[in-house]
Amino acid sequence: MFRAFVQRNRPRDSMFLYKSMINDGLLCIDNYTYPILIQGCSVGFYEFEGRELHGHVVKMGFEGDVYVVNNLINMYSVCGRVGDARKVFDESPLRDLVSWNSMLAGYVLGGCVEEAKLLYTMMPRRNVIASNSMIVLLGKCGRVSEARQLFNDIEEKDLVSWTALISGYEQSLMYEEAFDLFLTMYNDGISVDEVVIVAVLSACSHLSSIRTGELVHSLAVKVGFETYVNLQNALIHMYSICGDVFSAKKLFNTGRYLDLISWNSMISGYIKCGMLENARELFDKMPEKDVVSWSSMISGYAQFDKFSETLALFHEMQCAGVKPDETTLVSVVSACTQLAALEQGKWLDAYIRKNGLKVNTILGTTLINMYMKCGSVENAVEVFEGMEEKGVSSWNALILGFAINGQVEKSLETFEEMKKCRVAPNEITFVAVLGACRHMGLVEEGRRYFDSMVNEYNIEPNIKHYGCLVDLLGRSGLVKEAEEVINTMPMAPDVATWGALIGACKKHGDKETGERIGRKLIQLEPEHDGFHVLLSNIYASKGNWENVMEIRGMMSQHGVVKTPGCSVIEADGVVHEFLAGDKSHPRMEEIDGMLAEMGRRLKRLGYTPGVGEVLLDIDEEEKETNLSRHSEKLAIAFGLFATSGPAPIRIIKNLRICGDCHAAAKLVSEAFDREIVIRDRHRFHHFKHGSCSCMEYW
């Protein structure tokens with residue numbers, strides 16, 4: 001009866017029967033029965049009951065029975081008590097080969113490499129089982145060269161020997177070596193099993209070698225393993241990763257035995273290929289979902305910039321009572337960052353703390369980034385200081401966050417503190433530091449940091465570092481020097497670098513250089529809207545409307561459309577979006593009323609619309625109307641009545657804020673006594689009491 005319960009995976013019933021027999025005084029257990037009961041404790045991971053049985057074994061005088069001893073060693077090992085297993089092993093008066101193999105298996109299970117190696121050398125006789133266990137352990141711990149040497153020393157290798165080493169290569173990311181060994185195995189006539197084929201298919205997935213994967217698939221069909229669910233899942237994953245989602249779908253649709261992994265693999269395949277609608281349709285049809293299912297779909301939405309859908313699905317996940325994992329939280333926090341959904345981001349932060357979830361480097365850095373990009377610097381610092389492990393990415397997020405929020409001095413102080421903590425800066429760190437310098441025009445400091453990066457840290461500058469340097473020099477009026485940097489840097493300048501230079505020309509009135517560079521850029525990038533707009537603006541500022549019309553004609557000819565200004569604002573957990581000139585919002589009447597009130601209060605403070613910002617050949621009144629409906633002004637007007645002070649009005653704009661909106665926002669912050677935080681394409685502007693954190697350097 002005991003054996004039947006254990007064989008049917010009902011170890012709890014076997015223990016209940018055993019205790020009932022003890023209570024009824026029917027204890028007639030021999031040395032053949034105790035091993036069955038101990039084995040049941042191993043199956044159920046019942047450490048407490050296992051220790052009780054161990055005590056009964058000693059009391060009954062069976063501690064010297066090798067069969068009982070071997071099961072005790074195994075029980076303690078699977079329950080994570082390798083030290084107790086070793087104690088049983090050492091105290092046993094009699095050991096056989098199974099005793100040695102069981103103790104070795106315990107060390108393998110616990111990842112105790114050195115102890116296992118010592119025990120292996122002490123074995124009076126080593127068989128292939130012991131050698132295979134060592135190969136598994138060494139492979140699992142990344143010591144593949146030692147595993148290969150041991151493999152080579154085995155005179156009579158079995159299937160497990162080959163599988164163990166192939167899996168070791170695969171686990172150590174040595175995919176080509178795994179496949180090469182599989183070919184050797186196959187060519188030597190060694191029969192294959194499901195486990196080794198799954199390992200090889202994983203290698204094919206990581207190598208993106210669909211042709212090789214197809215050959216392995218053919219082999220699986222030939223030997224009759226294709227219908228095995230683990231192998232089927234590996235094939236679906238391989239085809240999906242390699243971009244052949246249709247072959248993956250065919251396997252999924254024809255599979256006779258589908259499990260949760262099958263569904264998750266197919267959903268991940270659709271997402272990898274950008275087929276989000278197919279993925280969601282399959283997700284909604286799942287008979288059951290686990291955290292991987294939810295995480296895959298949520299991460300997929302975030303990956304393809306479907307941030308509203310990301311938050312909506314996370315809400316569904318919460319309603320379903322599924323606890324999110326780190327991957328899910330990182331995706332959702334990232335979505336909050338992109339949507340400037342600070343309140344939802346704060347809720348997530350509170351959720352993480354309330355549920356005692358570990359904030360590791362990745363999640364902590366994502367939270368810091370979210371707070372910084374929502375303009376909530378204090379919360380970002382709080383997250384950073386609460387992190388147990390701070391990686392270089394965490395420091396980078398803090399340094400960059402301070403910089404884009406106008407706290408340049410604090411940004412550079414944090415960089416110095418990072419060095420004192422012996423955290424080596426990387427190339428991203430110096431992008432942040434150089435970015436801090438450009439936000440305040442610290443030319444000499446920027447040059448010094450650039451030289452330090454090269455000479456002190458041996459970091460080769462990339463296009464982003466040169467772009468920061470060009471922007472720093474250009475913003476400071478050193479346009480010729482900035483152009484010289486572009487002409488002498490060791491790689492072709494990208495769009496952002498050229499954009500920084502032509503923007504500097506516009507800012508400092510170097511219209512000739514701007515026109516020359518703009519013409520060249522339009523030839524190089526005829527479909528880039530930003531270059532056309534900048535050159536058109538330079539012509540318009542000179543009153544050269546003929547050339548303005550020429551540029552617009554070129555844009556029309558090439559199908560280039562100017563990116564419209566767009567601003568988003570969160571109110572009561574809902575994200576609202578405004579386009580320039582927008583009249584579609586359901587509360588447009590209230591917005592128009594607030595715009596009129598803004599106009600009245602600002603005029604009393606001496607505001608006059610900066611019609612020079614409207615680079616169109618239209619009359620002054622029409623220019624004023626055009627300015628008043630910029631997307632950020634619409635968002636500010638909405639925020640004034642849809643949000644309550646003293647909380648700041650937080651807005652994200654996709655383009656650089658114009659000079660008129662910047663001037664208006666300063667005065668609105670004074671006239672309405674509200675702090676306004678606007679994140680544009682380049683940086684944050686914190687407007688408070690009539691001034692801005694950028695100190696007019698933007």
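**View 1. Glu 525 is a partly exposed loop residue.** Its relative accessibility is 35%, so Glu 525 counts as partly exposed; the window for that class runs between 20% and 50%. The model shown here and in the other views is predicted. Glu 525 sits in the loop that links α32 (511-524) with α33 (529-541). Which residues does Glu 525 contact, leaving aside its neighbours within four places in sequence? They are Val 495, Phe 531 and His 532. Val 495 is 30 residues away from Glu 525 in sequence. In space, the C-alpha atoms of Glu 525 and Val 495 are 8.5 Å apart.

**View 2. Helices α35 and α37 cross at roughly 100 degrees.** Helix α35 covers residues 588-604, and α37 covers residues 631-642. Their axes come within 9 Å. The crossing angle makes α35 roughly perpendicular to α37, because angles of 65 to 115 degrees fall in that class. From α35, the contact takes in Met 588, Glu 590, Ile 591, Met 594, Leu 595 and Met 598. From α37, it takes in Lys 633, Leu 634, Ile 636, Ala 637, Phe 638, Leu 640 and Phe 641. How do the residues of this contact divide into nonpolar, polar and charged? Eleven are nonpolar, two are charged and none is polar.

**View 3. Six strands form an open sheet.** The strand order is β2-β1-β3-β4-β5-β6, and the pairing is mixed. Strands β2 (574-579) and β6 (691-692) lie at the edges, each pairing on one side only. Inside the sheet, β3 (residues 649-653) and β4 (residues 676-679) run parallel. Four bridges join β3 to β4. In one of them, Ile 652 has Arg 679 of β4 as its partner. Helix α38 (residues 659-671) packs on the sheet. It touches β4, β5 (684-688) and β6. The direction of α38 makes about 35 degrees with that of β5.

**View 4. Helix α38 has the end-to-end span expected from its residue count.** At 1.5 Å a residue, its 13 residues should span 18 Å. The end C-alpha atoms of α38 are 18 Å apart, so the two values agree. Which residues of α38 are buried? They are Asp 660, Cys 661, His 662, Ala 664, Ala 665, Lys 666, Leu 667, Val 668 and Ser 669. Each of these has a relative accessible area under 20%. Just after the helix comes Asp 673, with a positive phi of about 50 degrees.

Methods: Residues numbered from 1 in each chain as written. Predicted model: local features only at pLDDT ≥ 70, side-chain atom pairs only at ≥ 80, totals over all residues. Heavy atoms only, no water. Axes fitted to C-alpha atoms, helices over the stretch in contact; angles between N-to-C directions. Helix = DSSP H or I, 4+ residues; strand = E, 2+ residues; numbered from the N terminus. Parallel < 35°, antiparallel > 145°, perpendicular 65-115°, else oblique. Contact = heavy atoms within 4.5 Å. Nonpolar A, V, L, I, M, F, W, Y, C, P; charged D, E, K, R; others polar. Pairing = 2+ DSSP bridges. Buried < 20%, exposed > 50% of the residue type's maximum accessible area, 1.4 Å probe, protein only. Expected span 1.5 Å × (residues − 1).
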